[in-house]
2 protein chains.
Amino acid sequence: MAIDFLYFNTYHVAVDCIIFGFDEEGLKLLLCKRSFDPEKGKWSLMGGFLNPEESLDQAAQRVLTRITGLKDIYLEQFDVFSDVSRDPAARVVSAAYYALIKIGDYSNDLIAEFGAKWWPVSQYPELIFDHGQMVEEALVALRLKAKQEPIGFELLPQFFTIRQLRSLYESIYQTQLDPGNFRKKILSMKLLDQLPIKDKENSKRGAYYYEFNQQRYERFKSQGFLFEM
Amino acid sequence: MAIDFLYFNTYHVAVDCIIFGFDEEGLKLLLCKRSFDPEKGKWSLMGGFLNPEESLDQAAQRVLTRITGLKDIYLEQFDVFSDVSRDPAARVVSAAYYALIKIGDYSNDLIAEFGAKWWPVSQYPELIFDHGQMVEEALVALRLKAKQEPIGFELLPQFFTIRQLRSLYESIYQTQLDPGNFRKKILSMKLLDQLPIKDKENSKRGAYYYEFNQQRYERFKSQGFLFEM
DNA sequence: GCAAAAGTGTTGCTTCTACACCCATGG
DNA sequence: CCATGGGTGTAGAAGCAACACTTTTGC
């Protein structure tokens with residue numbers, strides 16, 4: 001029966017990545033300007049074709065490393081796009097991933113090389129093919145994930161203030177959160193370590209920096225602790 | 001640049017379906033015995049290859065209709081499996097779906113034809129390839145989904161008692177739920193219509209049958225109502 | 001009447017929410 | 001000293017979990 005595989009069709013298989021970042025202005029999206037036809041000059045997601053010796057996860061990591069210069073990026077596959085005519089040039093089945101990166105780690109040198117630009121998630125340009133739909137689905141998947149796992153820390157620098165963390169969640173859910181209540185809820189989870197350093201840029205009094213304690217999270221999780229936002 | 005597509009590799013693309021059902025005994029899984037090599041005689045999921053004129057969703061529906069005789073089945077794509085050696089016979093990229101069907105609607109005639117059998121989710125045989133991993137991931141995805149959307153009704157007959165619904169959730173989450181509290185919580189959502197009929201099989205007093213009101217759910221949802229279990 | 005499941009009510013506890021209210025400090 | 005954000009406290013509401021209790025009816 002193995003020979004029967006020959007009778008089945010084969011397809012181009014690709015990955016497309018929605019790259020999320022976060023800064024003072026809010027949640028951002030890294031898009032690039034296509035340098036080739038079709039749709040040259042239009043904005044699109046970062047993507048690439050699957051190589052024979054790699055899995056889709058590996059392909060996505062490869063694409064992201066090439067574009068950002070970073071390794072071991074947080075990645076989640078959230079859907080596969082397979083409409084017959086989604087890419088007018090050829091039949092391409094594309095696995096869609098979202099990636100979370102610390103925006104400060106991203107090398108600006110690479111922006112020029114790929115014609116890349118950070119866009120606010122609430123205001124990004126029209127994208128080619130079904131990439132706009134991918135972005136919207138990625139946002140839904142991100143919002144869902146953020147309620148179940150502390151992924152926020154993938155988007156923040158190693159040291160951050162409670163204000164920054166709150167601002168991130170406000171940006172993800174497009175809502176306002178009560179500063180006092182947010183602080184109490186987050187700190188009650190005991191996943192943050194306070195550092196003896198303060199950020200004095202945003203207030204006279206200064207706000208302590210905190211650090212996410214990954215070990216404690218893993219320990220809690222293995223004991224049945226549930227992160228719920 | 002379009003010509004460059006020719007230089008890229010192509011792959012076999014498939015769908016695999018985890019078919020969930022529910023009866024008095026609990027949550028079940030429909031598996032079939034492979035009638036061809038490799039791995040002939042072993043248990044596997046239902047699957048099939050992608051056809052050129054269809055999307056993956058359509059391929060999954062086609063596979064399910066062939067096997068169950070049903071149309072418009074509830075389907076969710078939850079992951080893509082793409083390890084290089086996951087299928088020893090060929091490189092196959094497979095989109096994994098879970099399906100929810102009303103077990104009573106499933107034609108038993110088709111069981112013989114495909115060598116299919118319902119298995120309890122807590123006790124199913126060893127499966128070929130990475131199908132066991134697919135089942136476990138499907139269960140995680142199902143548990144997550146069941147907290148966000150009232151998918152339970154896809155698994156129950158049109159008319160059901162609160163006891164049946166509770167038993168379904170107990171089966172999905174492998175836990176015991178307080179009958180009184182469960183009833184109050186479910187009814188407080190106002191998504192069920194009580195019918196003037198009782199089930200007298202499971203108690204002397206009899207339990208009212210209820211029906212899920214899809215219209216009311218859609219209306220609530222569009223007004224920002226959140227189903228949360 | 002007894003058993004057993006259906007269905008209702010109650011109570012105490014935890015959590016959430018909307019604030020009020022100090023604290024610290026640069027200007 | 002004042003404006004501003006950091007950080008803490010609190011009272012009322014809401015939700016939840018455990019469990020008592022009442023209803024119904026076949027046996």
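The points below go through the protein interface, the two DNA strands and one sheet of chain B.

1. Basis of the note. This is a predicted model, in which local features need pLDDT of at least 70 and side-chain atom pairs count only at pLDDT 80 or more, while totals for chains, interfaces and linings use all residues. Residues are numbered from 1 along each chain as its sequence is written, chains are lettered from A and ligands numbered from 1 in the order in which they are written, and side-chain values use heavy atoms, with hydrogens and water left out.

2. Extent of the protein interface. Chain B and chain A each bring 33 residues to the contact, where contact means heavy atoms within 4.5 Å. The area buried between the two chains is about 3000 Å², with 66% of it given by carbon and sulfur atoms; buried area here is the accessible area (1.4 Å probe) that two parts lose on being put together, summed over both.

3. Polar character of the interface. Between chain B and chain A there are zero salt bridges, a salt bridge being a side-chain nitrogen of Lys or Arg within 4 Å of a carboxyl oxygen of Asp or Glu. Twelve residue pairs, with both residues at pLDDT 80 or more, are nevertheless in polar contact across this interface; a polar contact is a pair of N or O atoms within 3.5 Å, and within protein one must be able to donate a hydrogen and the other to accept it, residues adjacent in sequence counting only if both atoms are side-chain atoms.

4. Elements on the chain B side. Strands E1 (10-23), E5 (74-81) and E6 (92-100) and helix H3 (131-148) of chain B each give at least two residues to the side that touches chain A, where helices (H or I, at least four residues) and strands (E, at least two) are DSSP runs numbered from the N terminus. E1(B) makes the largest contribution to that side, with four residues. Strand E1 (residues 11-23) of chain A and E1(B) run antiparallel and are joined by two bridges, and Tyr11(A) stands opposite Tyr11(B); two strands pair if DSSP finds at least two bridges between them.

5. DNA strand C. This strand is surrounded by 17 residues, the closest being Asn181(A), Arg205(A), Arg183(B), Lys184(B) and Arg205(B), and a residue is near a strand if one of its heavy atoms lies within 4 Å of it. The side chain of Arg183(B) places an N or O atom 2.3 Å from a phosphate oxygen, whereas the side chain of Arg205(B) has one 2.4 Å from a base nitrogen. Of the strand C atoms within 4 Å of the protein, 62% belong to sugar or phosphate.

6. DNA strand D. Here 18 residues surround the strand, and the closest are Arg183(A), Lys184(A), Arg205(A), Asn181(B) and Arg205(B). A polar backbone atom of Tyr208(A) is 3.3 Å from a phosphate oxygen, while an N or O atom in the side chain of Asn181(B) is 2.9 Å from a base nitrogen. Sugar or phosphate accounts for 58% of the strand D atoms within 4 Å of the protein.

7. A sheet in chain B. Three strands form an open antiparallel sheet in the order E8-E10-E9, with E8 (159-160) and E9 (192-199) as edge strands that each pair on one side only. Five bridges join E9(B) to E10(B), and Asp193(B) has Glu211(B) in E10(B) as its bridge partner.
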